[in-house]
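This report describes the architecture of one protein chain, from its loops and sheets to its aromatic contacts. Please read it with the sequence and the structure in view.

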Amino acid sequence: PAALAMLVVCSSLGWVVGPALPFADARSRVTLRERAEPPLDPRILASPLNGYRRYVRDRKAEPLLEVRGAPDGTRIRIATMDRYDGLVWGVAGSTASSADASGTFVAVGSTIDASREGRTVRLSIRNLGLDGIWLPTVGDVTEVDFAGSRADSLASSFRYNRATGTGAVTAGLAVGDTWRLSALAPAEADDSLAERPLREVLLPEPSNSSPKALAVGAEIVGETTDPYRRARILADTLRTSGFYSDGTGDTAEQRNGGVAGHGLARLELFATNRAQLVGNAEQYAAAMGLMARGLKLPARVVMGFRLTKDSTTAPLTLKGEDMTAWVEIPFEGVGWVAFDPTPDRSRTLTVQQPKPLPSPRRETQVPPPPPVVEPEAQPAVADEDEAEKKRQDDANKERKQTEEDSAALRRVLIVTGVASAPILLAGGLAGGILWWKARRRRRRRTNGSPVERIANGWRDVVDTAYDHGRAVPARCTRREAAAFVGVPEATDLARLTDAAVFGPGDPDEDAIADVWRRAGDVRRALGSDLGRLGRLKAAVSFTSLRRAT
């Protein structure tokens, strides 16, 4: 009875006092996720290396960073990837050992304890156009200081991974962001490292990898057993025997199938066609990383910049075309050492068209000129009957020729009509598919509640990914699905869609328009690495129409 009485009293107090408590508004809701920021999990983000081609080809002339104070040869790290799943090199999660986990990003202050000794580099970086969450750093950062109007926001959202020297800001980068760094410069490949043992680290094993691709490294290094010399031979062989191409112009990349990215199908071309390797830093670094893993070398792939000029006296502007990628392998006493497997950009292989062989010369006999024959004298006046007969014969011949020409024209028209029927049918089918997709997109955007129209923008992106041959699992969150869509813009769209769908109240028309505008950016990014034929095939693909609309 006493417990029942206590329960009644507490319920009554809650009924009376509850509505008067702070934030107790029936018109809004407060959830825990709005008050606490979830930890950074890079596994749900698209592979940074997957966006490399977009920078060096589509944004090659755009300024991305301004660097001051760094000497020539300094490597600026954007992202470090140590997990290969057969499709992309990505950032492993925090399931690896705590000392080596590349996916464990923690909040740190402005000063970071160094785990080794080395040459200190001090520089400042200003963002001119780089986007995303990855904060460009150098070596092992010991101090970071943000400046500008967003300094407080960047400092509070800064996360750092000591195992890889990689930084991230969950607030995202914006144009004008500025930060100053003090760091220990990484070691470069040098013959003094010969005979030095590898440092023991725990990295994720490659998954879905071809034994052929993993075994290529052993063929290249031969009987060499020293770890440093093995890594150096791999990098030097790829750099000196391969050719560079960023996928534009009339290059011999067609000899490698014209395949973009660094999936297993692309890297196997390096295993089967080593006589004519063609690609950019994305393919060469990804291939060397996989070959090194086959040799039991703990390799990881890094994307970033390597300065080719000194910036200690004047600022240096880095553009999209300056971005590169390299491979790092750890050695005892010096840490991670960088290796460059990519050929110089001037080393290109142009497709040469075969020249026709000259026809053999023939000796010809020139006949002598015919003898001159004097014409016989013609009668001055022709017979009128003969002239009339000749006119009739000429008229008959002209009429017969006209009838033959008409018959030939009818035959040509009949053959042309029969031959063009399949083309017209295919064109009609393609037009019908395009019309149906446009109608579906219009209905999704305009029909239903505001939340449904927001969610439909993401559904349209998933359907487009299916049409581009990228299967997105049905039972996963939008942020997980963004990794399968495979373009950086998809992650931002997934986050924006979740915020609108699960947020308080209904989104307004501006929010709906913003989601659909970003969905259009994702759709365009999906086809950015395809040629005209590839984009046409995706546009008329029937794959998404077979799914539920």
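Where is the place of lysine 296? The model under discussion is a predicted one, and in it lysine 296 belongs to the loop between α8 and β15.

**Loop residues with positive phi**

Lysine 296 has a positive phi of about 65 degrees, although it is not a glycine. Its relative accessibility is 68%, so lysine 296 counts as exposed. A second residue, glutamate 195, also departs from the glycine rule: its phi is positive, at about 70 degrees, and it is not a glycine. Glutamate 195 is placed in the loop between β12 and α5 (211-221). With a relative accessible area of 60%, glutamate 195 is exposed.

**Overall composition**

The chain has 549 residues, of which 41% count as buried. Its secondary structure comprises 15 helices and 18 strands. Where contacts join residues at least 6 apart in sequence, 77% of them are between residues at least 24 apart. The chain exposes about 30900 Å², and carbon and sulfur atoms supply 56% of that area.

**The antiparallel sheet**

One open sheet consists of five strands in the order β8-β11-β6-β1-β16, with antiparallel pairing. Its edge strands are β8 (140-147) and β16 (316-319), each of which pairs on one side only. From one strand to the next, the twist averages 25 degrees. Within this sheet, strand β1 (residues 63-68) and strand β6 (residues 120-127) run antiparallel and are joined by four bridges. Arginine 68 stands opposite serine 124 in β6.

**The mixed sheet and its helices**

Another open sheet, also of five strands, follows the order β2-β15-β17-β18-β12 and has mixed pairing. Strands β2 (75-81) and β12 (187-188) stand at its edges; each has a single partner strand, so one side of each is left without a neighbour in the sheet. Despite that edge position, β2 is mostly covered, with seven of its seven residues buried.

Strand β2 is joined to strand β15 (residues 300-306) by six bridges, and the two run antiparallel. Isoleucine 76 has phenylalanine 305 in β15 as its bridge partner, while arginine 77 stands opposite glycine 304 in β15. As a general matter, side chains in a regular strand alternate between the two faces of the sheet.

Helices pack against this sheet. Helix α6 lies across β17 and β18 (335-339), and it runs at about 30 degrees to β18. Helix α8 (residues 281-294) touches β15, β17 and β18, and its direction makes about 20 degrees with that of β17.

**Aromatic pairs**

The structure holds seven aromatic pairs. Two of them are set out below.

| Pair | Centre-to-centre distance | Angle between planes | Geometry |
|---|---|---|---|
| Phenylalanine 105 and tryptophan 134 | 5.7 Å | 55 degrees | tilted |
| Tyrosine 228 and phenylalanine 331 | 6.2 Å | 65 degrees | edge-to-face |

Why is the pair of phenylalanine 105 and tryptophan 134 classed as tilted? Planes under 30 degrees apart count as stacked and those over 60 as edge-to-face; the planes here stand at 55 degrees, so the pair is tilted. This pair links distant parts of the chain, 29 residues apart: phenylalanine 105 lies in the loop between β4 (89-90) and β5 (106-107), and tryptophan 134 in strand β7 (residues 134-135). Phenylalanine 105 has a relative accessible area of 10% and is buried. Tryptophan 134 likewise counts as buried, at 10% relative accessibility.

The pair of tyrosine 228 and phenylalanine 331 also links distant parts of the chain, 103 residues apart. Tyrosine 228 belongs to helix α6 (residues 227-241), and phenylalanine 331 to strand β17 (residues 323-331). The two elements that hold these rings thus appear in the packing already described, in which α6 lies across β17 and β18. Both tyrosine 228 and phenylalanine 331 are buried.

Elsewhere, ring pairs link Phe146, Phe158 and Tyr160 into a cluster.

**Charges over rings**

Which ring does the charged end of arginine 347 sit over? The ring is that of phenylalanine 243, with the charged end 4.4 Å from its centre. Arginine 54 lies over the face of tyrosine 55, at 4.9 Å from the ring centre.

Key. Residues are numbered from 1 along each chain as its sequence is written. This is a predicted model: local features need pLDDT of at least 70, side-chain atom pairs count only at pLDDT 80 or more; totals for chains, interfaces and linings use all residues. Side-chain values use heavy atoms; hydrogens and water are left out. Rings of Phe, Tyr and Trp (its six-membered ring) pair if their centres lie within 6.5 Å; planes under 30 degrees apart count as stacked, over 60 as edge-to-face and the rest as tilted. Buried means under 20% relative accessible area, exposed over 50%, partly exposed in between (1.4 Å probe, protein chains only). A charge sits over a ring if NZ of Lys or CZ of Arg is within 6 Å of the ring centre and within 35 degrees of the ring normal. Contact means heavy atoms within 4.5 Å. Accessible areas come from the Shrake-Rupley method with a 1.4 Å probe; for residues, only the protein chains shown count as cover. Two strands pair if DSSP finds at least two bridges between them. Axes are lines fitted to C-alpha atoms, for helices over the stretch in contact, and angles run from 0 to 180 degrees between N-to-C directions.
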